[in-house]
Amino acid sequence: MTGAQADRVPLPDPVRILLLDIDGVLTDGGMYFSAEGQAMKRFDVKDGLGVVRLAELGFPTAVVSGDRSAISAARCDVLRIGHVVLGRMDKETAVNEVLEMTGIAAESAVYIGDDITDLPALHMVGLGVAVADAVDVVREQADWVTRRPGGHGAVREICDAIIEQIARRES
Ligand SMILES: [Mg+2]
C-alpha cells in the first residue's frame, strides 16, 4: 500500500510483525570512525525500550540491513530482535525470506526505512513507514511519515502505535 500524500495511513489490523532498517532508522545515520578504522554508532534508548516491549509481548520483530557490523548484531541482540538479516542490500528478497519463515502475510507487516534501498520493502508491506528525516523520495512514497527522525524516537512512535493496537484488541 502506498499513499503518496498520506502522512499517516492506519496500521494493518491486526499488525503481525515490525521490520526495521538499522542505519538511519535505529540510528540517526551518523557514524564515528577512529584512525584505526573502528566504527561506532549511536542508538536511542527510547527506541530500544519500544522494541523490547514488543518482544516482551511476544510480538515478532525483524531487522533487515545492508550493514553486517558486530555493532549492529550486538544491538539487535540487546533489543531481542527475533529475525536478524544483516549484510543484505536486496531488502525485498530479505523481507520476503522473513515473511516466509514466519508465515506472516506482507499485508500484515510494517517496515520502517529511510533511504532508497528501502523503497521495494516499503512498497511490499501493509504499511511502509519513513522516518521524518528520510530522503525525499522515501517520505513521498511512504504510507506514514513519523514525527521524529531516525535514531531519535521514530521507531518508538511505531512501537507505541503497535502496542496501543495490541492493548485495544485485548481490552
Ligand atoms: Mg538506512
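## Strand β1 and its surroundings

Mentor: Start with L18, which stands opposite V110 in β6. Keep in mind that this is a predicted model: local features need pLDDT of at least 70, side-chain atom pairs count only at pLDDT 80 or more, and totals for chains, interfaces and linings use all residues. Residues are numbered from 1 along each chain as its sequence is written.

Trainee: What makes β1 a strand?

Mentor: Strands are DSSP runs of E with at least two residues, helices are runs of H or I with at least four, and both are numbered from the N terminus. β1 covers residues 17–20, so it meets the strand rule.

Trainee: And how do you know that β1 pairs with β6 and β4?

Mentor: DSSP has to find at least two bridges between two strands. Four bridges join β1 to β6 (residues 109–113), and three join β1 to β4 (residues 61–64), so both count as pairs. Each pairing is parallel. Over in β4, A62 is the bridge partner of L19 and T61 that of L18.

Trainee: Where do those strands sit in the sheet order?

Mentor: The open sheet has six strands, β5-β4-β1-β6-β7-β8, with parallel pairing. β5 (83–85) and β8 (144–145) are called edge strands because each pairs on one side only.

Trainee: Which way do the β1 residues point, and are they buried or exposed?

Mentor: I17 and L19 point one way, L18 and L20 the other, and all are buried. Buried means 20 or more other C-beta atoms within 10 Å of a residue's own, exposed means 12 or fewer, and partly exposed is in between, with C-beta atoms placed from the backbone.

Trainee: Why is V9 called partly exposed, then?

Mentor: V9 has 16 C-beta neighbours, so it falls in between those limits. V9 lies in the segment before β1, and its C-alpha is 7.4 Å from that of L127, 118 residues away in sequence.

Trainee: What about R80?

Mentor: R80 has 13 C-beta neighbours, so it is partly exposed too. R80 sits in the loop between α2 (70–78) and β5, and has a positive phi of about 55 degrees although it is not a glycine.

Trainee: What makes a set of residues a nonpolar core?

Mentor: They must be buried Ala, Val, Leu, Ile, Met, Phe, Trp, Tyr or Cys, joined through C-beta atoms within 7 Å. The largest core has 43 residues, and L19, V110, Y111 and I112 touch the most other members. α6 gives the largest share, six residues. In soluble globular proteins, nonpolar side chains tend to be buried together.

Trainee: Why are α1 and α6 called roughly parallel?

Mentor: Their axes, lines fitted to C-alpha atoms over the stretch in contact, cross at roughly 30 degrees. Angles run from 0 to 180 degrees between N-to-C directions. Under 35 degrees is roughly parallel, over 145 roughly antiparallel, 65 to 115 roughly perpendicular and the rest oblique, so this pair is roughly parallel. The axes come within 8 Å.

Trainee: How does α6 run relative to β6?

Mentor: α6 lies across β1, β6 and β7, at about 165 degrees to β6. That is over 145, so α6 and β6 are roughly antiparallel.

Key
Two residues are in contact if their C-beta atoms, placed from the backbone, lie within 7 Å.
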